[in-house]
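Thanks for sharing this one with me. Here are my notes, set out as numbered points so that you can check each against the coordinates.

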Amino acid sequence: MPSHRMPSEADIISTVEFNHTGELLATGDKGGRVVIFQREPESKNAPHSQGEYDVYSTFQSHEPEFDYLKSLEIEEKINKIKWLPQQNAAHSLLSTNDKTIKLWKITERDKRPEGYNLKDEEGKLKDLSTVTSLQVPVLKPMDLMVEVSPRRVFANGHTYHINSISVNSDCETYMSADDLRINLWHLAITDRSFNIVDIKPANMEDLTEVITASEFHPHHCNLFVYSSSKGSLRLCDMRAAALCDKHSKLFEEPEDPSNRSFFSEIISSVSDVKFSHSGRYMLTRDYLTVKVWDLNMEARPIETYQVHDYLRSKLCSLYENDCIFDKFECAWNGSDSVIMTGAYNNFFRMFDRNTKRDVTLEASRESSKPRAVLKPRRVCVGGKRRRDDISVDSLDFTKKILHTAWHPAENIIAIAATNNLYIFQDKVNSDMH
């Protein structure tokens, strides 16, 4: 759904999330808006042509605020969206900016009542003395209306910026994490949360790491993981203690001393962690790699994939232009066999865990034309160049794919490239895309 005008800062997409069936897809942007796309049903004439995603609803979720006590401006930018499992005809989602989490309810109306006894056609109350007969109101069809209403506002739970929210498999609670603390909330209670992790040192000068992301286990409501800027993962069990300061398991890869450099610590920071659908594995993204961890093996990841190893020699300039601090996300496909993550130059990467094949694809206007096939791209470092290769020196670092999402069951992916949302789907089951 590319737009052709120059993107304003407010239009930049900051999060992408499919719901549990994949029928709906939500995006949040820096302007505090949420846009929901709905997949059109299959057409009867061509049953195998899957429906496209069309805009279903757009609403303003957050407004800019000002914290007078700290003299701080709180941006309206949507950091994360999480769908709640659907329990009736309505859909519900949580959206958060740096400080405030909101629960939204999305409902449809395609009928309206007609024939009120006490109101006239304009909706004004009738003079009761003129009402001489009773009639039964009837429901008449009307154009479909999608109504979005705020149900709850969960405020004042965080001193620092919220970086992630995760809905528990018990469907009753969720957690929110900031740099130093993780809180557990009940979806029905807005005025209090329970602090389950607190890594804030007594003296802030002793601070050595921050929390970067967190997620609940998909099946065990007592387990959650959080990642840190030091490259470690801590798996916590809420049955063991109320405050999960003592983790159950610590997943950390020992550093290779030969690779040690000024940038080692920065590039080892984990920017995203995701449990596999099976719940057996965890996927993490740091600056140069994605790693798959087995919950039963803490010593090192079972798989490591290089996302853009050709940037290793460019870390100095990436540090100077602040790109080294970019936070890339990662995603599993529905069967946990392929993983996806973004890169620069509007490239994104896919790694097939079974065949060990990997591919670099590009989200661009050309590739988003109907029935266009995504061509694999290659980045070359010096030496001989093939015709379609792109040199590492001509990569555009302003075009970065930080946010990606994979349909829970099908080969459909959503890619946020600055202010454009690209949705690619696999018509025939090809190797990777």
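1. Let me begin with D322, which has a relative accessible area of 47% and is therefore partly exposed, since the exposed class starts over 50%. D322 sits in the loop that connects helix 2 (315-320) with strand 23. Its phi is near 70°, a positive value in a residue other than glycine. Please keep in mind that this is a predicted model, so a backbone angle like this one is a property of the prediction.

2. N346 makes a nice companion to D322. Its phi is near 60°, again a positive value in a residue other than glycine. Is N346 buried or exposed? With a relative accessible area of 11%, N346 is buried, because the buried class covers values under 20%. N346 belongs to the loop between strand 24 (338-342) and strand 25 (347-352).

3. That loop is part of a hairpin. Strand 24 and strand 25 run antiparallel and are joined by five bridges, and G342 stands opposite F348 of strand 25. Four residues lie between the two strands, and in this hairpin N345 takes a positive phi near 65°. If you colour the backbone by phi, N345 and N346 are both worth a look.

4. On its other side, have a look at strand 26 (residues 358-362), which runs antiparallel to strand 25 and is joined to it by five bridges. Here F348 stands opposite L361 of strand 26, so F348 can be followed across both pairings, given its place opposite G342 as well. The hairpin of strand 25 and strand 26 has five residues between the strands, and K356 there takes a positive phi near 65°.

5. How many residues of strand 25 are buried? Six of the six are, so the strand is largely enclosed by the rest of the structure. Both of its faces are covered: F347, R349 and F351 are buried on one side, and F348, M350 and D352 on the other. You may like to note that R349 and D352 are among these buried residues.

6. Now to the rings. The structure holds 19 aromatic pairs. In one of them, F154 and Y174 have ring centres 5.2 Å apart and planes at 80°, so the pair is edge-to-face. F154 comes from strand 10 (residues 138-154) and Y174 from strand 12 (residues 173-178), so this contact ties together parts that are 20 residues apart in sequence. Both F154 and Y174 are buried.

7. Y319 and F325 make another pair. Their ring centres are 6.0 Å apart and the planes meet at 55°, so the pair is tilted. Y319 counts as partly exposed at 33% relative accessibility, and F325 is partly exposed too, with a relative accessible area of 42%. Together with F262 and F263, these two residues form one aromatic cluster.

8. F325 also turns up in the largest pocket, which has a volume of about 1,400 Å³. Of the 50 residues lining this pocket, K77, F325, D326, K327 and L402 are the closest to its centre. The lining divides into 18 nonpolar, 15 polar and 17 charged residues. Among the strands that each supply at least two lining residues are strand 1 (13-18), strand 7 (80-83), strand 11 (162-167) and strand 30 (412-417).

9. The second largest pocket holds about 890 Å³ of space. Which residues are the closest to its centre? Of the 33 that line it, they are E17, H20, K82, E215 and H277. The lining has 14 nonpolar, twelve polar and seven charged residues. Strand 1 gives the most, with four residues, while strand 23 (330-332) and strand 29 (403-406) are among the elements that give two or more.

10. Finally, strand 15 gives residues to the lining of the largest pocket and to that of the second largest. Strand 15 also belongs to an open sheet of four strands, in the order 15-16-17-18, with antiparallel pairing. Strand 15 (211-216) and strand 18 (249-251) are the edge strands, each pairing on one side only. Neighbouring strands of this sheet are turned by 20° against each other on average, direction ignored. Strand 15 pairs with strand 16 (residues 223-228) over five bridges, and F216 has F224 of strand 16 as its bridge partner.

Technical notes
Residues are numbered from 1 along each chain as its sequence is written. This is a predicted model: local features need pLDDT of at least 70, side-chain atom pairs count only at pLDDT 80 or more; totals for chains, interfaces and linings use all residues. Side-chain values use heavy atoms; hydrogens and water are left out. Two strands pair if DSSP finds at least two bridges between them. Axes are lines fitted to C-alpha atoms, for helices over the stretch in contact, and angles run from 0 to 180 degrees between N-to-C directions. On a 1 Å grid over the protein atoms alone, a cavity is a set of points where a 1.4 Å probe fits but cannot get out, and a pocket is an open set with protein on both sides within 12 Å along at least five of seven lines; lining residues have an atom within 4 Å of a point. Grid points are joined across faces, edges and corners, and a volume is the space filled by probe spheres set on the points. Ala, Val, Leu, Ile, Met, Phe, Trp, Tyr, Cys and Pro count as nonpolar, Asp, Glu, Lys and Arg as charged, and the others, Gly among them, as polar. Rings of Phe, Tyr and Trp (its six-membered ring) pair if their centres lie within 6.5 Å; planes under 30 degrees apart count as stacked, over 60 as edge-to-face and the rest as tilted. Buried means under 20% relative accessible area, exposed over 50%, partly exposed in between (1.4 Å probe, protein chains only).
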